[in-house]
Amino acid sequence: MELLMNYKNFHVIDHPLVKHKITYIRDKYTCKKNFKELVDEVGIFLAYEVTRDFPLIDVEVETPLTKTKAQILAGKKPVLVPILRAGVGMLDGFLKIMPSARIGHIGISRNEETLEPEAYYCKLPVDASQRTIILIDPMLATGGSAAAAAARIKEEGVKRIKFMCLIAAPEGIKKFCEAHPDIEVYAGCLDEKLNEKGYILPGLGDAGDRLCGTKPTPYMQPLGVNFLGY
Ligand code: PRP
Ligand code: URA
């Protein structure tokens, strides 16, 4: 909690449904299908908070009964930029509430030995510098990947960036918020710490592997509670 006081640009979504869903996301018995659906659902809550300060313009609309003044979003559509690969698994929730958002991609992989981020790809819309960028990654662990992604996006002349993640560790919050005090960070929850391999505790394990199903999952029980989810 002290950490939240230190970094004014860090926000945790305080909502019972988010807490409930993240509990199931953490559960090692949650199967791939349910994991992805729950991540999408929490993504909707995150998108709701991330877009809260989006500017509006006044318009006139004609209902079947009368004309009235109303409001719509102003300016260019935002760009969602998932950090490959796990970030891609968090796009759908945002797109449910803002389907016309543009999409960019940034490829950053964390070296499992050094824990340092290694950038390998960046493709943004040509006019990205005139738009709000929403950087997306489920995990803010050491903070290296997200901080490097934000720095790379700034190189394109982007002025307005926000970052949303599912789970943040104190180490990652410190690193990211100190490197990018101009970027608001929205997390589904704040966890305790990193383990010696740089994984978040209690965390959810490897987000990319759980979203993509790329590692054997010995803990899955073929005839267990998750049977319908396969
Ligand atoms: C994971 C995660 C973040 C990064 C977080 O990705 O999705 O991008 O690690 O760690 P950090 O805060 O210590 O940098 P990973 O590099 O494992 O790649 P993946 O998405 O391809 O699994
Ligand atoms: N990346 C993950 O997928 N999980 C962690 O806990 C840390 C980094």
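**Exercise 1. The site of ligand 2**

Which residue has a polar backbone atom 2.8 Å from an oxygen atom of ligand 2? Find this residue, then describe the rest of the site around ligand 2.

*Solution.* Keep in mind that the model is predicted.

- Step 1. The residue is I200, through a polar atom of its backbone.
- Step 2. Look for a nitrogen atom of ligand 2. One lies 2.8 Å from a polar backbone atom of G205.
- Step 3. Move on to A207. A backbone N or O atom of A207 is 2.8 Å from an oxygen atom of ligand 2.
- Step 4. Turn to cover. On its own, ligand 2 has 240 Å² of accessible area, and the protein covers 88% of it.
- Step 5. List the surroundings. R110, M139, A141, G198, Y199, I200, G205, D206 and A207 surround ligand 2.

**Exercise 2. The site of ligand 1**

How many residues surround ligand 1, and which are the closest? Then find polar contacts made by R110, G143 and S145.

*Solution.*

- Step 1. Ligand 1 is surrounded by 15 residues. The closest are R110, D137, T142, G143 and S145.
- Step 2. Start at R110. A polar atom of its backbone lies 2.7 Å from an oxygen atom of ligand 1.
- Step 3. Go to G143. Here a backbone N or O atom is 2.8 Å from an oxygen atom of ligand 1.
- Step 4. S145 uses its side chain. A polar atom there lies 2.6 Å from an oxygen atom of ligand 1.
- Step 5. Add the cover. The protein covers 91% of the 500 Å² of accessible area that ligand 1 has on its own.
- Step 6. Note R110. This residue is among the closest to ligand 1, and R110 is also among the residues around ligand 2.

**Exercise 3. A charged residue without a partner**

Is D137 buried or exposed, and how far away is the nearest side chain of opposite charge?

*Solution.*

- Step 1. Locate D137. It sits in the loop between β8 (132-136) and β9 (139-140).
- Step 2. D137 is buried.
- Step 3. Search for an opposite charge. The nearest such side chain, R110, is 9.2 Å away.
- Step 4. Apply the cut-off. A salt bridge needs a nitrogen and an oxygen within 4 Å. D137 has no salt bridge.
- Step 5. Look for polar partners. A polar atom of the D137 side chain lies 3.1 Å from the backbone nitrogen of M139.
- Step 6. Check contacts beyond four places in sequence. D137 then touches I83, G87, M90, F163, M164, C165 and L166.
- Step 7. Recall ligand 1. D137 is one of the closest residues to ligand 1.

**Exercise 4. Salt bridges**

How many salt bridges does the model have? Examine the pairs of R26, E156 and D209, then the network that includes K36.

*Solution.*

- Step 1. The count is 17 salt bridges. Side chains of opposite charge can pair when their charged atoms come close.
- Step 2. Take R26. Its side chain meets that of D191 in a salt bridge, 2.7 Å from N to O. The pair links distant parts of the chain, 165 residues apart. R26 is in helix α2 (residues 16-26), and D191 is in the loop between β11 (184-190) and β12 (193-194).
- Step 3. Compare exposure. R26 is partly exposed, because its relative accessibility is 25%. D191 has 7% and is therefore buried.
- Step 4. Take E156. Its salt bridge with R152 spans 2.6 Å from N to O. E156 is partly exposed at 40%, and R152 is partly exposed at 26%.
- Step 5. Take D209. The closest N and O atoms of D209 and K215 are 3.0 Å apart in their salt bridge. D209 is buried, at 10% relative accessibility.
- Step 6. Find the network. Salt bridges link K36, D40 and D92. D40 is in helix α3 (residues 32-50). Its relative accessible area is 10%, so D40 is buried. Beyond four places in sequence, D40 touches G89, D92 and G93.

**Exercise 5. Backbone geometry**

Where are the cis peptide bonds at R85 and P202? What is the phi of L115?

*Solution.*

- Step 1. Recall the usual pattern. Most residues other than glycine have a negative phi, and most peptide bonds are trans.
- Step 2. L84 and R85 are joined by a cis peptide bond, with omega about 0 degrees. R85 lies in the loop between β4 (79-84) and α4 (91-97).
- Step 3. The bond from L201 to P202 is cis, with omega near 0 degrees. P202 is in the loop between β13 (200-201) and α7 (207-212).
- Step 4. L115 has a positive phi, near 65 degrees. Its place is the loop between β6 (105-110) and β7 (117-123).

Note on methods
Residues numbered from 1 in each chain as written. Chains lettered and ligands numbered in written order. Predicted model: local features only at pLDDT ≥ 70, side-chain atom pairs only at ≥ 80, totals over all residues. Heavy atoms only, no water. Helix = DSSP H or I, 4+ residues; strand = E, 2+ residues; numbered from the N terminus. Buried < 20%, exposed > 50% of the residue type's maximum accessible area, 1.4 Å probe, protein only. Lys, Arg positive; Asp, Glu negative; His and termini not counted. Polar contact = N/O pair within 3.5 Å; in protein donor to acceptor, adjacent residues only side chain to side chain. Contact = heavy atoms within 4.5 Å. Near = heavy atom within 4 Å. Areas by Shrake-Rupley, 256 points an atom, 1.4 Å probe, with all protein chains shown as cover.
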